[in-house]
Amino acid sequence: MTSLAEVVCHIPETAETVQEAGDRLRISAFDRRLFEKFLGLREIRVAPDRTYSDRLVDAAQRLQGLPGKEDRVRYFIAARTFRDAATASEAPVHAAADRLGLRNAVAFSVTEHACASGLLALWTAGWLLRDEDPDAMALLVTGELAPVEGFYLPQTAIMGDSSAACLITADGPSDQLLSYAFRMSPGIDEILKMAVMHSPDMGDVVTNYSSVSLNEFKKFYTEKVVDVVQEAIDDAGVTLDQCALILPQNINRISWVRICRRLNYPVELVMLDYMPVTGHCYAADGFINYTEAVRQGRLRPGDYYLVVSVGMGGGFAAMVLRH
């Protein structure tokens, strides 16, 4: 059964307030007030001098179970939101693998589910490891560098530069993957077409893609999250009441208040502690929140918990694991 052997994160020391981020990203005064007063964001952590490859290595180097076992890593998987992270002559994921000494690892990226790609990558790693030796591992890394300047999610989230890394085994004693549910909005193709038609260049494609998607999300976001959570717990053979915690993506607090109201689940059991100070860190959020939940002792051996993520464009994903 796919298991998380170790999860770590790297949170940059440099903090940027909402007002400072607003100046850099050209966020309107209205949106700044919205982020602070209603959405619960105080600051984000930034690492402007770190490249995409640097950010992956920053997290992976914190793994205590990696030194001396690099040769056991068969797969090095980078989960990210944006498909284009480098020019054709660059290979940042392979460069990160080389820096980490992963001589036997196949390095590749998973991007198809945008910010939900972290869960897809975890599921993929488990399947790949089934055909490997019992002591083989996969190393999953998350963290991102937006391909255009000024990128944020209007009236929803500001992006942070924190990253995370996980060692994954095909069978382990804790943090076992019990189920994985994923749903794609049927309107994804139309959303993408609208974005491209109204955007003359790559920068506008990315920004307008988010804006158009967000308008669409407002119609069904809560409903789709509730549906995928229900599917995940049904597949795992547990009830929501048995889940000790939900590890969310760090979009904003209001969205989770609404979701919890629909689920009849206490919002206090949603791990939102990092959201006000890290911002939304793409596919890394769930893993970052796991590290804080463990640090606070909020997950005990045998506890069931959910990891939930949503990708721009209509991807909704949830997993149930047993600590």
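**View 1. Aromatic pairs across the predicted model.** A search of the whole structure finds 7 aromatic pairs. Rings of Phe, Tyr and Trp (its six-membered ring) pair if their centres lie within 6.5 Å; planes under 30 degrees apart are stacked, over 60 edge-to-face, the rest tilted. This is a predicted model: local features need pLDDT of at least 70, side-chain atom pairs count only at pLDDT 80 or more, and totals for chains, interfaces and linings use all residues. Residues are numbered from 1 along each chain as its sequence is written, and side-chain values use heavy atoms, with hydrogens and water left out.

**View 2. Phe 82 and Tyr 282, an edge-to-face pair.** The centres lie 6.0 Å apart, with 65° between the planes. Phe 82 sits in the loop between β4 and α4 (92-99), Tyr 282 in the loop between α9 (275-278) and α10, so the pair ties together parts 200 residues apart in sequence. Helices (H or I, at least four residues) and strands (E, at least two) are DSSP runs, numbered from the N terminus. Both Phe 82 and Tyr 282 are buried. Buried means under 20% relative accessible area, exposed over 50%, partly exposed in between (1.4 Å probe, protein chains only). Phe 151 joins Phe 82 and Tyr 282 in one aromatic cluster.

**View 3. Trp 123 and Tyr 180, a tilted pair.** Ring centres are 5.9 Å apart and the planes meet at 35°. Trp 123 belongs to helix α5, Tyr 180 to strand β8 (residues 176-184); 57 residues separate them. Trp 123 is partly exposed at 34% relative accessibility. Tyr 180 is buried at 18%.

**View 4. Arg 130 over the face of Trp 127.** The distance to the ring centre is 3.8 Å. A charge sits over a ring if NZ of Lys or CZ of Arg is within 6 Å of the ring centre and within 35 degrees of the ring normal.

**View 5. Asp 161 and Arg 55, a salt bridge.** The closest N and O atoms are 3.0 Å apart. Asp 161 lies in the loop between β6 (137-142) and β7 (163-169), Arg 55 in helix α3 (residues 52-60), 106 residues apart. Both ends are buried: Asp 161 at 15%, Arg 55 at 3%. A salt bridge is a side-chain nitrogen of Lys or Arg within 4 Å of a carboxyl oxygen of Asp or Glu. The count comes to 15.

**View 6. Arg 295 and Glu 292, a salt bridge in helix α10 (residues 285-295).** The closest N and O atoms are 2.7 Å apart. The partners are 3 residues apart, about one helical turn. Arg 295 is exposed at 60%; Glu 292 is buried at 7%.
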